[in-house]
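Open the structure in your viewer and keep the selection tool ready. The stops below say what to select next and what is there.

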Amino acid sequence: MAIQEVKDGWLYLDRGTMIWQKNATAAQGVFQPIHWVALSRMQATLRLAPYDGRIADIGCGHGVVTVNLAWKKPRTEVIGVDPEEQRLEVGRQILNEHGLPNCKFQKGTLEAPGIEPGTCTGVLCTEVLDHIPEVREHLREKVDKLLELLKPGGRLILSIFDTEGSTDAGLAPPTALTLADFDFLKTKVIDRNCPRWWYLFYVDKR
Ligand SMILES: C[S@@+](CC[C@H](N)C(=O)[O-])C[C@H]1O[C@@H](n2cnc3c(N)ncnc32)[C@H](O)[C@@H]1O
């Protein structure tokens, strides 16, 4: 895929912005230059997301998925939440550049997102759970916290790094989770379109 095609279809942080110049380590996270594997993960994730209502992106990082979600789904109200203010600033920069009215970023955590329970049609939590050290013993509790944000019929979209299948990626999140760790979610649906570095799956709240 040519970079130009990507530019036309997706929002990203421009290399010329001040934040980019100050924060070069954000390279992969903000897809500059576009990281094709991360882009196809984002595409697969967005295909699963609702078209309307409030969507919380918990652990949104630099907010690239967040702003693209708002851009591709204009009937939604998207809230990006992350504990790291510096990362949220990158998201806000992209937001300012593109002037999206249906998106905002706020400081918070999965445990205390600052969003009223039962108000979301969708919750995204991608590449976050396995970034929490020693999360395995609290995993169910964390997932319940995410499910709590949803209205009945709402969708929780999760992804984790596939540590065993992706030794070539040179990445190792603090906790190596597998799909089996989520067996307590009896109805989870696994998305096979996601590129091989990750597992992407979702559960619809009854
Ligand atoms: C690898 S980034 C994922 C960013 C984005 N969700 C994505 O899919 O590209 C992990 C993010 O999780 C955030 N994080 C870590 N612990 C968290 C917690 N307890 N609650 C919410 N976010 C957390 C980090 O600040 C970081 O921005």
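Begin at the ligand and select the 17 residues around it; Gly59, Gly61, Thr109, Leu110 and Thr126 come nearest. A residue counts as near if its C-beta atom, placed from the backbone, lies within 6 Å of the molecule. Colour this shell by class, and you get 7 nonpolar, 5 polar and 5 charged residues. Here Ala, Val, Leu, Ile, Met, Phe, Trp, Tyr, Cys and Pro are nonpolar, Asp, Glu, Lys and Arg are charged, and the others, including Gly, are polar.

Two notes before moving on. Residue numbers start from 1 along each chain as its sequence is written. The model is predicted, so local features need pLDDT of at least 70 and side-chain atom pairs count only at pLDDT 80 or more, while totals for chains, interfaces and linings use all residues.

Next, select strand 1, residues 53–58. Helices (H or I, at least four residues) and strands (E, at least two) are DSSP runs, numbered from the N terminus. In strand 1, 5 of the 6 residues are buried. Buried means 20 or more other C-beta atoms within 10 Å of a residue's own, exposed means 12 or fewer, and partly exposed lies in between, with C-beta atoms placed from the backbone.

Which strands pair with strand 1? Strand 2 does so in the parallel sense over 6 bridges, and strand 4 runs parallel to strand 1, joined by 4 bridges. Pairing requires at least two bridges found by DSSP between two strands. Pick Ile55: Val78 of strand 2 stands opposite, and so does Gly122 of strand 4. Ala56 faces Ile79 of strand 2.

Now select strand 2, residues 76–82; because 6 of its 7 residues are buried, this strand is largely enclosed by the rest of the structure. Strand 3 (residues 103–107) runs parallel to strand 2, with 5 bridges between them. Val78 stands opposite Cys103 in strand 3.

Add the helices that link these strands. Strand 1, helix 4 (residues 64–72) and strand 2 form a right-handed β-α-β unit. From strand 2 the chain crosses through helix 5 to strand 3, again as a right-handed β-α-β crossover. Right-handed means that, with the strands pointing away from the viewer, the path from the first strand over the helix to the second runs clockwise. Helix 4 is largely enclosed by the rest of the structure, because 7 of its 9 residues are buried; among them are Val64, Val65 and Leu69.

In helix 5 (residues 85–98), select Arg92. Is it buried or exposed? Arg92 is partly exposed, because 18 other C-beta atoms lie within 10 Å. Lys104 is 12 residues away in sequence and 7.6 Å away, C-alpha to C-alpha.

Finish with the largest nonpolar core, which has 41 residues; Ala56, Ile58, Val123, Leu124, Cys125, Leu146 and Leu156 touch the most other members. The largest share, 6 residues, comes from strand 5. Such a core is a set of buried Ala, Val, Leu, Ile, Met, Phe, Trp, Tyr and Cys residues joined through C-beta atoms within 7 Å.
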